[in-house]
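Trainee: I am new to this structure. Please take me through its salt bridges, with a close look at one of them.

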Amino acid sequence: MKVALVGCGAIGSVLARAMAEHRVEAELVSVFDLSREKAAGLASLFEKKPALASSLEEVLSSDAELVIEAASVRAARELLIPALRSGRDVLLLSVGALADVEFLRQVEGTAAEHRRKVHIPSGAIGALDALKSAREAELEEVRLVTTKPPSALEGAPYLAQRGISLAGLRERRVVFSGSALEAIAGFPANVNVAVAVSLAGVGVERTKVEIVADPHARRNVHEVFARGSFGELHLRVENLPSPGNPKTSHLAALSAIATLRRLSTPLQVGT
Ligand SMILES: NC(=O)c1ccc[n+]([C@@H]2O[C@H](COP(=O)([O-])OP(=O)(O)OC[C@H]3O[C@@H](n4cnc5c(N)ncnc54)[C@H](O)[C@@H]3O)[C@@H](O)[C@H]2O)c1
């Protein structure tokens, strides 16, 4: 499978290494980053060098069958529709781009019209397979609880607008409780996980989100609670940061590799 990579940061680097070391069956033919230096650095890992693109348009004129987006929500919004229209599938990391329901519908419509697919890795969370199964019957409640050290939440628009400071916090405190839709606006750093859980389960309006600041937390912890006619589910993941970006969980980069592997292997495990 020929692939193009947009975004050569923490996730893009882990993915490129997996391809350069032939740990996944994918040939990188085009690579793009706003920082040409970063793109050139990743290209240099390959024996057969991918082309260094200077724009998204150039990426879309390559012979890649799949475009991997590992850049930003903005890049994802610019890339998705043109990539699908040009006959390419997309592996999307900045899933927050799909928080906008109108844009989500456009993406679904374009993908269906051009018979293309948008692959969304589980990222920093899990349990998406079970949520997808559970929603085939009654899925009554889905709740995402994210616990982070106060420093990781400081500056979130929701807290800034209310003049809430977490400096000197001694005990864990629930700083937000509401829908995923509200959480996405108030805590953009949490957007990818909230949108992924919503898409797999009951949507951004019905998914409940709690955000907890815990001065004793050393890791970002995500928990998913779900209840329905299937029974009950509780998933807890304690994420270690990615070596290249402390804001990104290592699991997110690994989930991108796993998705690429799924696309090139005959056995499809998981719903
Ligand atoms: N799905 C998940 O669970 C999950 C988890 C972590 C991160 N993410 C998302 O994945 C994306 C990448 O994360 P990361 O940790 O690798 O980020 P990063 O900041 O380490 O790297 C992003 C790279 O993309 C480049 N870039 C930014 N905008 C660009 C554009 N318009 N065109 C080309 N290049 C551009 C930057 O120069 C940078 O090198 C982010 O949007 C992040 O929010 C998703």
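Mentor: Here is a walk through the salt bridges, centred on Glu 141. The model is predicted, so local features need pLDDT of at least 70, side-chain atom pairs count only at pLDDT 80 or more, and totals for chains, interfaces and linings use all residues. Residues are numbered from 1 along each chain as its sequence is written, and side-chain values use heavy atoms, with hydrogens and water left out.

Start with the general idea. Side chains of opposite charge can pair when their charged atoms come close. A salt bridge here is a side-chain nitrogen of Lys or Arg within 4 Å of a carboxyl oxygen of Asp or Glu. By this rule there are 15 salt bridges.

Now take Glu 141. Its relative accessible area is 19%, so Glu 141 is buried (under 20%; exposed is over 50%, partly exposed in between, with a 1.4 Å probe and protein chains only). Glu 141 forms a salt bridge with Arg 227, with the closest N and O atoms 2.9 Å apart. Glu 141 sits in strand E7 (residues 139-148) and Arg 227 in strand E10 (residues 220-228), so the pair ties together parts 86 residues apart in sequence. Strands are DSSP runs of at least two residues (E), numbered from the N terminus. Arg 227 is partly exposed, at 33%.

Glu 141 also forms a salt bridge with Arg 143. There the closest N and O atoms are 3.9 Å apart. Arg 143 is partly exposed, at 23%.

These residues belong to a network of salt bridges that links Glu 140, Glu 141, Arg 143, Lys 208, Glu 210 and Arg 227.

Key. Helices (H or I, at least four residues) and strands (E, at least two) are DSSP runs, numbered from the N terminus.
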